[in-house]
Amino acid sequence: MANDTLPSIAILGAGSMGGAILQGLVRSGQASQVTVTNRTSAKAAALSELTGVTSLSLEADPTANVTAAASADVILVGVKPVLVPELLREIAPVLRPGTVLVSLAAGVTIDTFEEIVGEGIAVLRSMPNTPAVVGKAVTGVSAGPSASSAEAALVRRLFETCGAVIELPEAQIDALSTISGSGPAYVFLLIEDLTEAARGKGFSDADARLMAEQTFIGAAALLAATGEDPAELRRRVTSPKGTTERAIAVLQGAHLDGVFAEATDAALARAKEMAAGA
Ligand SMILES: NC(=O)C1=CN([C@@H]2O[C@H](COP(=O)(O)OP(=O)(O)OC[C@H]3O[C@@H](n4cnc5c(N)ncnc54)[C@H](OP(=O)(O)O)[C@@H]3O)[C@@H](O)[C@H]2O)C=CC1
Ligand SMILES: O=C(O)[C@@H]1CCC=N1
């Protein structure tokens, strides 16, 4: 086994998020053995094409989660938050001392995991985002008291196959989620709305999409390539007394900063509700 090869991994619930991590992992070439589960056979079939991936469905085999969990060194829990406790109760009997259990779920605490799976299992909480598909994720990781520093380092390495990793206390993970976990949705909404503005100016759907989408892609690539401060890159577009200046004044007049503060506060409040079982 090559030094950079990861131990065996199971992703229980490989949908939008678990599936994105799967794609990032496979793309990195560092996964040795990955087993994924989903409820439906249709979803499982789509993932079985991926190199080195065993894809199981509960529809075909109701014990798929137990089978996948029993053979994995690291288990990522990727089902919807409300399904997490039931899934943990299902797999708890086959977890071995040394198994590393990693939550992807919003609003489910490490305490909840540890209460169900008991002692001897390392529990970590993560909050990735869907750009994992292309190796450009931001993932927040919090290690629970049961996880050693070696186990935390292993989980960091796993998520680094999908992009950048921030280690942080669990108390901050919901806040991180409101920025980077949900963040891709905010960006897509901005793209949708800019596209709509282009349509409103008489452009065809195809041209409107090209203008808006390529502008976001190009601006993000420029930011990445130059490493400049976004404020400086904005200044380079905004000629004094020019047209952009007028548009930016409208956006700032609408208090976009306040809107983002309010939106992320709303996401944070929802995470707290979910942790309380609502
Ligand atoms: N989407 C995102 O951007 C992010 C999501 N998360 C977290 O990831 C988790 C999953 O969310 P998301 O990926 O969006 O949801 P999805 O519905 O896309 O994925 C959940 C997957 O779980 C499968 N599933 C359902 N029941 C079971 C079961 N009992 N055993 C195994 N698999 C099962 C579903 O299969 P089928 O479709 O066949 O029913 C589905 O593919 C959530 O906890 C969420 O908080 C975290 C960060 C970002
Ligand atoms: O919307 C959600 O609950 C999840 C968590 C962050 C992104 N999606």
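The exercises below work through the sheet, the two ligand shells and some loop and helix residues of a predicted model.

Residues are numbered from 1 along each chain as its sequence is written, and chains are lettered from A and ligands numbered from 1 in the order in which they are written. Local features need pLDDT of at least 70 and side-chain atom pairs count only at pLDDT 80 or more, while totals for chains, interfaces and linings use all residues.

**Exercise 1. The sheet**

Task: State in which order the eight strands form the sheet, and which strands stand at the edges.

Solution. Helices (H or I, at least four residues) and strands (E, at least two) are DSSP runs, numbered from the N terminus. Two strands pair if DSSP finds at least two bridges between them. The order is β3-β2-β1-β4-β5-β6-β7-β8, in an open sheet with mixed pairing. β3 (53-57) and β8 (163-167) each have a single partner strand, so one side of each is left without a neighbour in the sheet. From one strand to the next the twist averages 20 degrees, with axes being lines fitted to C-alpha atoms and angles running from 0 to 180 degrees between N-to-C directions.

**Exercise 2. Strand β1 and its partners**

Task: Determine whether the residues on the two faces of β1 are buried or exposed, and which strands pair with β1.

Solution. A residue is buried if 20 or more other C-beta atoms, placed from the backbone, lie within 10 Å of its own, exposed if 12 or fewer, and partly exposed in between. In a regular strand the side chains alternate between the two faces of the sheet. In β1 (residues 9-12), I9 and I11 lie on one side and A10 and L12 on the other, and all are buried.

Next, the partners. β1 runs parallel to β2 (residues 34-38), joined by four bridges, and I11 stands opposite V36 in β2. The route from β1 to β2 goes through helix α1 (residues 16-28) as a right-handed β-α-β crossover; that is, with the strands pointing away from the viewer, the path from the first strand over the helix to the second runs clockwise. β4 (residues 74-77) is also parallel to β1, again with four bridges, and L12 faces V77 there.

**Exercise 3. The ligand shells**

Task: Find how many residues surround ligand 1 and which residues surround ligand 2.

Solution. A residue is near a molecule if its C-beta atom, placed from the backbone, lies within 6 Å of it. For ligand 1 the count is 28, the closest being G13, G15, R39, T40 and A105. α1 and β2 each supply at least two residues, and α1 gives the most, with three.

For classes, Ala, Val, Leu, Ile, Met, Phe, Trp, Tyr, Cys and Pro count as nonpolar, Asp, Glu, Lys and Arg as charged, and the others, Gly among them, as polar. The ligand 1 shell divides into 13 nonpolar, 12 polar and three charged residues. Ligand 2 is surrounded by A106, S177, G181 and S182, which gives one nonpolar, three polar and no charged residues.

**Exercise 4. Residues around α11**

Task: Why do K241, R246 and H255 count as exposed?

Solution. K241 is in the loop between α10 (230-237) and α11, and has 6 C-beta neighbours inside 10 Å, so K241 counts as exposed. Its phi is positive, about 65 degrees, although K241 is not a glycine. R246 lies in α11 (residues 243-253) and counts as exposed because it has 10 such neighbours inside 10 Å. H255, in the loop between α11 and α12 (256-275), counts as exposed because it has 11. Phi of H255 is near 55 degrees, also positive in a residue other than glycine.
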